[in-house]
Amino acid sequence: SSATGYKGVQQSPSGRFQAGHRVDGRRVCYGTFDTAVEAAVAYARAVGEYQPPAPPPIVAAEGEVAAEAEGLRLHLSSSSATGYKGVQQSPSGRFQAGHRVDGRRVCYGTFD
């Protein structure tokens, strides 16, 4: 996990953001960027995880219809503050989706 909120992104003392990761114990740097988002995109492209930006946000009812259209089922949860199983709201107000495997949390991503 990174303090910037993005995998492979670190903030340098200058305030700029560096994208990179370790290969065989050595740091491979993909560049230095003005924003954490730019660095995160560079990291994702370099490691083959880049996905185009998501479409504009949709309301909950539209989200349920979209999920059903994709063959997905949303799991409602009365014990979760968000109302959905596996979804937590972070202090920043963003949402994290994930679940536990062998006692460890596996995170699928952070969303607005």
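This passage walks through a predicted model, from its overall layout to individual contacts.

The protein has 2 helices and 6 strands, and reading along the sequence gives the pattern β-β-β-α-α-β-β-β. Buried residues account for 20% of the 112 residues. As for contacts between residues at least 6 apart in sequence, 10% of them join residues at least 24 apart.

Confidence comes next. The mean pLDDT of the protein is 77, with 73% of the residues at 70 or more. Among the elements, strand S1 (residues 9-11) has the highest mean pLDDT, 91, while helix H2 (residues 60-69) sits at the other end with the lowest, 56. Where pLDDT is low, the predicted coordinates should not be read in detail. For that reason the description below leaves H2 aside and turns to other parts of the chain.

The largest nonpolar core is a good place to start. It is made up of 8 residues: Val9, Phe17, Ala19, Ala36, Ala39, Ala40, Ala42 and Tyr43. S2 and H1 are the elements that give two or more residues to this core, and H1 supplies the largest share, 5 residues. Helix H1 itself spans residues 36-46, and its buried residues are Ala36, Ala39, Ala40, Ala42, Tyr43 and Ala44. The cover over these buried residues includes S1, strand S2 (17-23) and strand S3 (26-33). After H1 comes Gly48, which has a positive phi, near 80°.

Ala19, one of the core residues, has a long list of neighbors. Leaving out residues up to four places away in sequence, Ala19 touches Gly8, Arg27, Val28, Cys29, Tyr30, Gly31, Phe33, Ala39, Ala42 and Tyr43. Among these contacts, Ala39, Ala42 and Tyr43 are also members of the core.

Thr4 lies in the segment before S1, and its side chain is involved in two polar contacts with backbone atoms. The side chain of Thr4 reaches the backbone nitrogen of Tyr6 at 3.2 Å, and it also reaches the backbone oxygen of Val9 at 3.2 Å. With residues up to four places away in sequence set aside, Thr4 touches Val9, Gln10, Gln11 and Phe17. Of these, Val9 and Phe17 belong to the largest nonpolar core.

The loop between S1 and S2 holds Ser14, which counts as exposed because its relative accessibility is 61%, and the cut-off is over 50%. Exposed or not, Ser14 has polar partners: its side chain makes a polar contact with the side chain of Ser12 at 2.8 Å. A polar atom of the Ser14 side chain also lies 3.4 Å from the backbone nitrogen of Arg16.

Arg16 brings in the charged side chains. A search of the whole structure finds 1 salt bridge, and it is formed by Arg16 and Asp34, whose closest N and O atoms are 3.1 Å apart. Arg16 lies in the loop between S1 and S2 and Asp34 in the loop between S3 and H1, so this pair ties together parts that are 18 residues apart in sequence. Side chains of opposite charge can pair when their charged atoms come close. As for exposure, Arg16 is partly exposed, with a relative accessible area of 34%, whereas Asp34 is exposed, at 55%.

Further along the chain, the strands pair up in hairpins. S4 (87-89) and S5 (95-101) pair in the antiparallel sense over 3 bridges, with Val87 standing opposite Ala97 in S5. The two strands form a hairpin with 5 residues between them, and Gly93 in the turn has a positive phi of about 95°. Ser90 lies in the loop between S4 and S5. With a relative accessible area of 17%, Ser90 is buried, because the value falls under 20%. The side chain of Ser90 makes a polar contact with the side chain of Ser92, at 2.9 Å.

S5 also pairs with strand S6 (residues 104-111): the two run antiparallel and are joined by 7 bridges. Gln96 has Thr110 in S6 as its bridge partner. This hairpin has 2 residues between the strands, and Asp102 takes a positive phi near 50°.

How values were computed. Residues are numbered from 1 along each chain as its sequence is written. Side-chain values use heavy atoms; hydrogens and water are left out. pLDDT is the predictor's confidence in each residue, from 0 to 100. Helices (H or I, at least four residues) and strands (E, at least two) are DSSP runs, numbered from the N terminus. Buried means under 20% relative accessible area, exposed over 50%, partly exposed in between (1.4 Å probe, protein chains only). A polar contact is a pair of N or O atoms within 3.5 Å; within protein, one must be able to donate a hydrogen and the other to accept it, and residues adjacent in sequence count only if both atoms are side-chain atoms. Contact means heavy atoms within 4.5 Å. Two strands pair if DSSP finds at least two bridges between them. A salt bridge is a side-chain nitrogen of Lys or Arg within 4 Å of a carboxyl oxygen of Asp or Glu. A nonpolar core is a set of buried Ala, Val, Leu, Ile, Met, Phe, Trp, Tyr and Cys residues joined through side-chain atoms within 4.5 Å.
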